[in-house]
Amino acid sequence: MKNLTESFERAKPFIGVIFMQVGLAGMDVLSKAALNQGMSNYVFVVYRHAVATIVIGPFAVILDRKVRPKMTRSTFIKILLLGLLEPVIDQNLYFLGMKYTTATFAAAVINILPAITFVMACIVRLEKVTLRSIHSQAKVVGTVATVAGAMIMTLIRGPLIDLFWTRGKAFAEGSTGGINLHNSIKGTLMITTGAFSWASFMILQAITLKTYPVELSLTAWICLFGTIEGAIVALIMERGNATVWALHWDTKLLAAVYSGVFCSGLTYYIQGIIMKDRGPVFVTAFSPLCMVIVAVMSSTILKEQMYLGRMIGAIVIVAGLYLVVWGKSKDHTCSSQTTDKQIIPVKQTIEAGSNEQVSIDQEVKQPMQIIEL
């Protein structure tokens, strides 16, 4: 029973990140369908975080009321910046990039996120790199491979892969299937810039959790300020076009609700918990799983076509990112062993000290007994 509990504890971070990637994959497909129906990406981002705030807010107020630390000016500024980096900048650029490309392509290019996060984490010393160790070399090589894979997916198309469920479907350039080089580069630049913003968000979230260690309340604050800041941007970008705010019982509403609950509320909360133990690089290293799920769902549901060059690039990205995961797992194992080695001598010293104390007490009591006799 004890071994089963320990195995589950070790598996929890992996279960958490896999759940996140499945949720993000569903968001990619649903949001692409909503954008194809004419939904504004700016309005979509606002509705998404409004839903997340409504769902997460009450839980944060009730469950964190006894453990929530005092809000300081420094923490407040960090939360304002967090609400801008990912909910507004990253998501708007990501969805704009998706408009110019496809859901599969966007999910593949965003896989440079772990590489960017890795470099930024090294700069702020949240990640350690020792070039003489094999696992550090694996992390560096994996980081380079992810960037190379993204470049392959962007610049090389290759022949069309004729899948039986998309066979006979004719797609014009610039539609949901084929995309020309101009749109591909434009979309890639937007998604890459968004990835830098998302990586900055991950690093800042890890830093903020050190002084404000309540993941649920932090999630609620991020979603609230993301809604406010996103609404300001949407009102500016969509001024004079009030019809874009209209919602009906259709894919647009489903995409907003789903993305708000699973991809903003739960994702921010789960990644905050995992980051405390494994760091931001571990959380972002599983993004290739999202790409695989999106590729399958997009080709079957949205009938998006697949090209050989992009599939090769995807394979390179997956190989590189799992080198990073392997290196991170070795880091975690080494740090756990180091911690155990540090704890054991302390326990032995305490026990030894206790024995010495007992022997001293006995020596003191014995003469007293002799005197009494």
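Modeller: Let's start with one convention: a helix axis here is a line fitted to C-alpha atoms over the stretch in contact, and the angle between two axes runs from 0 to 180 degrees between their N-to-C directions. Please also keep in mind that this is a predicted model.

Biologist: Thanks! Before the axes, how many helices and strands does the protein have?

Modeller: There are twelve helices and two strands. Along the sequence they are arranged as α-α-α-α-α-α-β-α-α-α-α-α-β-α. Of the contacts with a separation of 6 or more, 89% join residues 24 or more positions apart.

Biologist: Now the helix pairs. How do I read the packing of α2 and α9?

Modeller: Two packed helices are described by the angle between their axes and the distance between the axes. In this model, the axes of α2 (residues 41-63) and α9 (residues 251-278) come within 7 Å and cross at roughly 60 degrees. The two helices are therefore oblique to each other, and their crossing is right-handed.

Biologist: Which residues of α2 and α9 make the contact?

Modeller: On the α2 side, they are Phe44, Tyr47, Arg48, His49, Val51, Ala52, Val55 and Ile56. The α9 side brings Ala255, Ala256, Val257, Ser259, Gly260, Val261, Cys263, Ser264, Gly265 and Tyr268. Sorted by class, this contact has twelve nonpolar, five polar and one charged residues.

Biologist: Let me try another pair. At what angle do α5 and α7 pack?

Modeller: The angle is about 45 degrees, and the axes are 9 Å apart. So α5 and α7 are oblique to each other, and the crossing is right-handed. Leu113, Ile116, Thr117, Met120 and Ala121 of α5 meet Thr192, Ala195, Phe196, Trp198, Ala199, Ser200 and Ile203 of α7. The residues of this contact divide into nine nonpolar, three polar and no charged.

Biologist: What should I look for in the interior, and which residues have the most contacts inside the largest nonpolar core?

Modeller: In soluble globular proteins, nonpolar side chains tend to be buried together. Here, buried residues make up 47% of the 373 residues. The largest nonpolar core has 64 residues, and Tyr94, Phe95, Trp198, Phe201 and Leu218 have the most contacts inside it. Helix α7 (residues 181-211) supplies the largest share of this core, nine residues. Leu218, setting aside neighbours within four places in sequence, is in contact with Ile79, Leu82, Gln205, Thr208, Leu209 and Tyr212.

Biologist: Gly23 caught my eye too. Is Gly23 buried or exposed?

Modeller: The cut-off for buried is under 20% relative accessible area. Gly23 counts as buried because its relative accessibility is 9%. This glycine is found in helix α1 (residues 2-36). Apart from neighbours within four places in sequence, Gly23 is in contact with Tyr258 and Cys263. You can also check the C-alpha atoms of Gly23 and Ser259: they are separated by 8.2 Å, with the two positions 236 residues apart along the chain.

Biologist: One last feature, the backbone. What is the phi of Arg125?

Modeller: Most residues other than glycine have a negative phi. Arg125 has a positive phi of about 65 degrees, although it is not a glycine.

Biologist: And where does Arg125 lie?

Modeller: Arg125 lies in the loop between α5 (113-123) and α6 (134-155). With a relative accessible area of 75%, Arg125 is exposed, whereas Gly23 is buried.

Methods
Residues numbered from 1 in each chain as written. Predicted model: local features only at pLDDT ≥ 70, side-chain atom pairs only at ≥ 80, totals over all residues. Heavy atoms only, no water. Helix = DSSP H or I, 4+ residues; strand = E, 2+ residues; numbered from the N terminus. Buried < 20%, exposed > 50% of the residue type's maximum accessible area, 1.4 Å probe, protein only. Parallel < 35°, antiparallel > 145°, perpendicular 65-115°, else oblique. Left-handed = near helix turned anticlockwise from the far one by under 90°. Contact = heavy atoms within 4.5 Å. Nonpolar A, V, L, I, M, F, W, Y, C, P; charged D, E, K, R; others polar. Core = buried A, V, L, I, M, F, W, Y, C linked by side-chain atoms within 4.5 Å.
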